[in-house]
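Biologist: I would like a close look at one part of this model, the pockets and the aromatic rings around them. Please take it in one connected account.

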Amino acid sequence: MTAQTAPDRSGLRAWLPGFVALAAIWGSSFLFIKVGIRELHPVHLAGYRVATATLTLLVVLAVLRDRLPREGRTWLHLTVVGAFQVALPFTFFAYGEQRIESLLAGIWNATTPLVVLPMAVLVFRTERLDARRAVGLGLGFVGV
């Protein structure tokens, strides 16, 4: 095998460590929710998670010497997205994990993107289901 025919593995080395770290962080959050709800109310737990994320964002902004947006319209959009796509799901998962195991909560969360494509195809008609997407959707369900 010559250098010209050898597969390029630099791309895999570039994204794989970050992908594994993200999976570990994301997956372990369900375990930490389960541990946290033993002592905290689900709403408080969700609030602490959001507050921790806020502090982390502020530290990152300070390190990068960047700043928060100044426009009111942007803050309105961020507030709506934050409430419906962060605060409510965090709260619902905390309530749910009072009755189910963290593993099951993680599995249900993993199915979220797998439900979005069929919804976009069938309900909203904003996407087309071609062969590549169908294979990806099938592999996603197998993976979950």
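How do the residues of the lining of the second largest pocket divide into nonpolar, polar and charged?

Modeller: The model is predicted. In the second largest pocket, the lining residues divide into 12 nonpolar, three polar and one charged. That pocket holds about 510 Å³ of space. Its lining has 16 residues, and those nearest the centre are Val50, Thr54, Leu57, Leu78 and Gly82. Two elements give two or more residues to this lining, helix 2 (42-64) and helix 3. Helix 3 supplies the largest share, eight residues.

The largest pocket has about 610 Å³ of space. It is lined by 21 residues, with Trp26, Ser29, Phe30, Phe90 and Asn109 closest to its centre. Helix 1, helix 3, helix 4 (102-110) and helix 5 (112-122) each give two or more residues to the lining of the largest pocket. Of these residues, 11 come from helix 1, which is the largest share. By type, the lining of the largest pocket divides into 13 nonpolar, seven polar and one charged.

Two of the central residues of the largest pocket, Phe30 and Phe90, also take part in ring contacts. For Phe90, the partner is Arg49, which lies over the face of the ring at 3.6 Å from the ring centre. Phe30 belongs to one of the aromatic pairs, of which the structure holds two.

The other pair is Trp15 with Phe19: the ring centres are 5.5 Å apart and the planes stand at 80°, over the 60 degrees required, so the pair is edge-to-face. Both residues lie in helix 1 (residues 10-36), four residues apart, about one turn of the helix. Trp15 is partly exposed at 46% relative accessible area, while Phe19, at 51%, counts as exposed.

In the pair of Phe30 and Phe93, the centres are 5.2 Å apart and the planes are at 70°, so this pair is edge-to-face as well. Phe30 is in helix 1 and Phe93 in helix 3 (residues 72-96), so the pair ties together parts that are 63 residues apart in sequence. Phe30 counts as buried because its relative accessibility is 6%, under the 20% limit. Phe93 is partly exposed, with a relative accessible area of 23%.

As for annotation, the unreviewed UniProt entry places "transmembrane region" at residues 12-33, 45-64, 76-96 and 102-124. Residues 12-33 are 100% helix and 0% strand, with end C-alpha atoms 32 Å apart. Residues 76-96 are likewise 100% helix and 0% strand, and the end C-alpha atoms there are 29 Å apart.

Terms used. Residues numbered from 1 in each chain as written. Predicted model: local features only at pLDDT ≥ 70, side-chain atom pairs only at ≥ 80, totals over all residues. Heavy atoms only, no water. UniProt positions renumbered as here; feature names shortened; annotations may be inferred. Phe/Tyr/Trp six-rings, centres within 6.5 Å; stacked < 30°, edge-to-face > 60°. Buried < 20%, exposed > 50% of the residue type's maximum accessible area, 1.4 Å probe, protein only. Lys NZ or Arg CZ within 6 Å of the ring centre and 35° of its normal. 1 Å grid on protein atoms, 1.4 Å probe; cavity = no way out; pocket = protein on both sides within 12 Å on 5 of 7 lines; lining within 4 Å. Points joined across faces, edges and corners; volume = space filled by probe spheres on them. Nonpolar A, V, L, I, M, F, W, Y, C, P; charged D, E, K, R; others polar.
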